[in-house]
Amino acid sequence: MKNLSRRNFLRLGGLSALGAATAFNPLGNLIVSAQGSEISLQTWGSFITTNNALLEGALATWASTNDASVSVNFTGFDALADTLSTAAATGAGPDAIMMLHARPHQFAEALVDVSDIANAIGEANGGWFPVAEEACVVDGVWRAVPFFVAAHAMVYREDLFAEAGFDAFPETYDDLLVAGTALKEMGMPLGFSLGRADGDGNNFVFSVLWSFGGAVTDEEDNIVLDSPETRMALEYIQQLYNDAMDPNVASWDDGANNRAFLAGEVSCTNNASSILWAGRNDAVEFADSINHALYPAGPAGRNQFGQVHSYGILSSSENIDATKEMLSFINSDTVWQLLGADGFAFLYPMFRSLEDDPNMAWNADEKLGAFKGLAEDVHTHGWPATPSAAASQVASDFVLSDMFGSVAVGAASIDEAIETAIEQIETIYDA
């Protein structure tokens, strides 16, 4: 998968022929305003390098067809966040930029209203999953165009779980503690980041908190973190850390869990499909034993965080109409037939029409089957309240990760950790 496959090369060729033959965009509207435009796009560079090539090639085809140019800058998550912060402060930046989580709420004032194309794309593709609106609609206005959810699951070693006496992945967090304790005694602990890991770490702690019935705020944005449910979640993580987890997780960054799993140091972590992709790509000796499962359920059920990726147009852009047309094209079925088939279930479109498409990775590979349907039930920062700039900052400041991590390693009592977290949250919400 390191090189552009013949199959995808031929698909891209078909896309080129389609683009050359018609001057219409995927929503059926005549493209006129893109002509002569020079559009800059800053986006995340996928670990699936073929996906980057497919996106860049599709955009080159679109640009050529419409007498425009598109400059694509692939960067990491940190660079995206830095660019957004700079653009909000200075009014300068690319025409369009990828955003994670609920950052359209955090940077709404720097983003253009894209309700026209977001509504049209949703109507053309079976409607948006609920989390798309959660993340991208600010006070009734679409401030970003949803692109994909990086679907997350439990990633585990079937061989090690079987050796420990577990033929199926645990359905509940209590059962995960039992299995993890046995696995740690075998020398193969669990590995969930409790450090400042924006992706996997935040995903894990928010999912656990919600599944135990806790929340940062209620539906009216009242701070409700200090609750019996939060305390139960903290007690659980403390025991899971001591009895079942790798002790290094408290300092893990966003890539540490992947590295530990592929190095054979842990038996399970939470992640998107990138671990299996790398395991196969690098011919890791236990690659055939890597599988995925749904997150466990807690006392409040299975409530999972979803890593939303969206595209916003900065208000400083001088190519707003052309950039809207480009984003409509990116979210077309034509492009998604390329990206979804190649995206190894990491790129899960936020509209419904491709859910059962046999070409999509979650339908084509049994080891990716656990990802199917996750986009329907995940949530983003702020849930159960409406997402907000403050809710987004709670996550970007790692308030929950620090709270859970400090209790796990014994650096703070549960009372102390909750008190510190609430002080931080109050400061954020009162700003």
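Tutor: A welcome and one definition to start: strands are DSSP runs (E, at least two residues), numbered from the N terminus, and two strands pair if DSSP finds at least two bridges between them. This is a predicted model, in which local features need pLDDT of at least 70, side-chain atom pairs count only at pLDDT 80 or more, and totals for chains, interfaces and linings use all residues. Residues are numbered from 1 along each chain as its sequence is written, and side-chain values use heavy atoms, with hydrogens and water left out.

Student: Thanks! How many bridges join strand 3 to strand 10?

Tutor: Look for residues 307-313, which make up strand 10. Strand 3 covers residues 96-100. The two run antiparallel, and the number of bridges joining them is five.

Student: Which residue of strand 10 stands opposite methionine 99?

Tutor: Methionine 99 belongs to strand 3, where it points the same way as Ile97. Across from methionine 99, in strand 10, stands serine 310.

Student: Does strand 3 run parallel or antiparallel to strand 1?

Tutor: Strand 1 spans residues 38-44. Glutamine 42 stands opposite isoleucine 97 in strand 3. Two bridges join strand 1 to strand 3, and the direction is parallel.

Student: How many residues of strand 3 are buried?

Tutor: Buried means under 20% relative accessible area (exposed is over 50%, partly exposed in between; 1.4 Å probe, protein chains only). Ala96, Met98 and Leu100 point one way from strand 3, Ile97 and Met99 point the other way, and all are buried. In a regular strand the side chains alternate between the two faces of the sheet. Strand 3 is mostly covered, and its count of buried residues is five of five.

Student: Now the open sheet of three strands: what is its order?

Tutor: Begin with strand 7, residues 153-157, which pairs with strand 8 in the antiparallel sense over four bridges. Strand 9, residues 290-293, stands at an edge. With antiparallel pairing, the order of this open sheet is 8-7-9.

Student: Why is one side of strand 8 left without a neighbour in the sheet?

Tutor: Strand 8, residues 268-271, stands at an edge of the sheet, as strand 9 does. One side of strand 8 is left without a neighbour because this strand has a single partner strand.

Student: And which residue of strand 8 stands opposite methionine 154?

Tutor: Strand 7 and strand 8 are linked by four bridges, so this is a good place to look in the model. Facing methionine 154, in strand 8, you will find asparagine 270.
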